Amino acid sequence: MIVRKSKTASKSQAPSEARPGGETHQTTTSANQTLTTNQGVAISDNQNSLKSGARGPTLLEDFVLREKIQHFDHERIPERIVHARGSGAHGYFQPFKNLSKLTKAEFLQDPKKTTKVFVRFSTVAGGAGSVDTPRDVRGFAVKFYTEEGNFDLVGNNIPVFFIQDAIKFPDLIHSVKMEPDRAFPQAGSAHDTFWDFASLMPESMHMLMWAMSDRTIPRSLRHIEGFGVHTFRLVNAQGESSFVKFHWRPSLGAASTLWDEAVKLAGADPDYQRRDLWEAIDNGDYPEWTLSIQAFDQKTADELDFDILDPTKLIPEEIIPLTPIGRMVLNENPVNFFAETEQVAFHPGHIVPGIDFTPDPLLQGRLHSYLDTQLSRLGGPNFHEIPINKPVCPMRNFQRDGHMRMAVPPGRVAYEPNSLDPNGPRENPTRGFASFPDPNAGPKTRERPESFADHYSQARLFWRSMTPPEQGHIVSAFTFELSKVETPAIRTRMLGHLDLIEPELGKRVATAMGMVGEADKITPAVPPRDDLDPSPALSIIGKAPRTVQGRTVAVLVTDGSDASAVQKLRQALKKEGANLKLVAPKVGKLEGNGLVPDMQLDGAPSVLFDAVVALPSEAGAMELLGVAAAIDWLRDAFGHLKAIGFNAATKPLLDKAGIDADAAMGVIALDGKNGIEGFIATAKKHKIWERDKLVRPQR
């Protein structure tokens, strides 16, 4: 018999304390409530993995960590537990210059040489059948097929993460996934279990600011930035080490949607971002990113006011600027989605000589987890023989047999040292991988370093680095998510954290929720700093390039529309690198102009496009006045802050939609002097932020 507990949360709370590292420990003295391993062994610390010193590497002997993550890795068969919804493409990477001063990695030496890559973009929380456009982190994983072996740079479109130690990863994902008793919501964090967990994890506050920002509702996969998240090492031929952070920057610039836009995109086209990536490559509009690094030495690391091993922290570009080191171009779609995009196996432990790890406790756990996951998903230890995962360089060792073995190694010898096969593989001290001798080793301990304890300062930095529209969107996102939470205690706890991040943020969210004065008093392990300068590089809007390159403009046409006006607009957009799609009430050839629409109006809402133009004939406009889809087409474009172009015949449609023909608000008459040029200049803004205050409440 299943006993269902009351919906009302218990008022009793487990005793909790904050340790010097700032993490929350909830403890018990009750034998019946004691947390144990699957073998019944009591767990003394469920917040920290076992390390060699507080800042040292994680130890293989940590059976608590290994059991917890290994069980988590095998919860789903065969779909990925996280990052299940993915899209991929082939391409190449080319360095800008020789980087031998920093690294001996072969693929970073010759600017004339290209390295093949395969990239997989993904959402995190949803299943393989979920939509492309939820509010969620986007995975950004790149497999470099180098001559020294495969290098996997497995990151996200956000430079920080929710947790500091990998032992908490199963808890994080369990909290954000569908609640186990009801199996919903899918691909969404707006529910009790996620915010209960997050509100009890102060280390999550910085990531929550990013998650509630426009970063998690990107316009397309071609418009996202990518980050390696962790601090890695670069090692040169002399054995000298530099710390490094990896950054991907799209050539088109970062761009996002509005929340209402993302919701309508999910309904209009659940595959919107997957389709956009495929069609861009298919049309020859190859997406491109610049790979940049922040490289720095130990002295610089020691001077920073946070710990570089803490994955919840970033290094502002104003402190260490980005150095561009190469570019990546995606120029080939997969031939078979399952064989390539679904079977590709990424692992942060796939590195080459010249690149090495740091003892970041989140990274250390990933080094175990990803390999373990591939063993389960792809049938066994030979997943490296699947073509999409196979290295392009020679691969020789004495590993044998196993499920789905494809290679046929000859001979009687499967061991070394040996004397029976003098031509067999041997270790190579000259070319072989040598781990950097990390100086941080220390006594075995489960301990969070005190240098990880400041959970609010960079969250405050992020808020203060946003433009006013972006701040308003963050307030709206927190309001939406927390209003979905049923348990009042979780809401008030989270409002207390927002007050610490920035009193203005807390007040605006509380006001929007009707909960002013109800925030819990939260005592931080380390008070947030108030002397951090804003980092403009963190703002999407503040650094957005003025361009329409790679974007799509829809033109609403009817029978009798002026074909020459359409052609002039098409040519002008093509010159700027933009695409034009014709939308009409019917998809067949139109009368009186010979235009052939690309899409039918009911199946082409304006939410699918970056900017819109209405060029109906007078008779066509009169017919569209009675078509709700046409009025919604314009009304949504206005509400989603898109540039709108129109001809004189469109005026009655604008009036019915409640839209003023105001160029200052991005509504441009095309039949006036320089009308097309004015429209394109306006569309280059991507969003007309001056219009924002007209269409949604300011929070």
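These are my notebook entries on the cavities in this structure, which is a predicted model.

**Entry 1: the search.** I looked through the whole structure for cavities of 30 Å³ or more, and the search gave nine. I then took up the largest and the second largest.

**Entry 2: the largest cavity.** I noted its volume as about 790 Å³. I asked which residues lie nearest the centre of the largest cavity. They are Val 82, His 83, Val 124, Phe 169 and Tyr 370, out of a lining of 45 residues. I next looked up the elements that give two or more residues to this lining. The helices are α1 (63–73), α2 (169–176) and α9 (361–377), and the strands are β5 (115–123), β6 (138–146) and β7 (149–156). Helix α9 provides the largest share, with eight residues. I sorted the lining of the largest cavity by class and got 25 nonpolar, 13 polar and seven charged residues.

**Entry 3: the second largest cavity.** I wrote down a volume of about 160 Å³ for the second largest cavity. How many residues line the second largest cavity? I found 21, and those nearest its centre are Pro 159, Phe 227, His 247, Leu 314 and Ile 315. I also checked which element gives the largest share of this lining. It is strand β10 (residues 241–250), with four residues. By class, I recorded 10 nonpolar, four polar and seven charged residues in the lining of the second largest cavity.

Note on methods:
Residues are numbered from 1 along each chain as its sequence is written. This is a predicted model: local features need pLDDT of at least 70, side-chain atom pairs count only at pLDDT 80 or more; totals for chains, interfaces and linings use all residues. Side-chain values use heavy atoms; hydrogens and water are left out. On a 1 Å grid over the protein atoms alone, a cavity is a set of points where a 1.4 Å probe fits but cannot get out, and a pocket is an open set with protein on both sides within 12 Å along at least five of seven lines; lining residues have an atom within 4 Å of a point. Grid points are joined across faces, edges and corners, and a volume is the space filled by probe spheres set on the points. Ala, Val, Leu, Ile, Met, Phe, Trp, Tyr, Cys and Pro count as nonpolar, Asp, Glu, Lys and Arg as charged, and the others, Gly among them, as polar.
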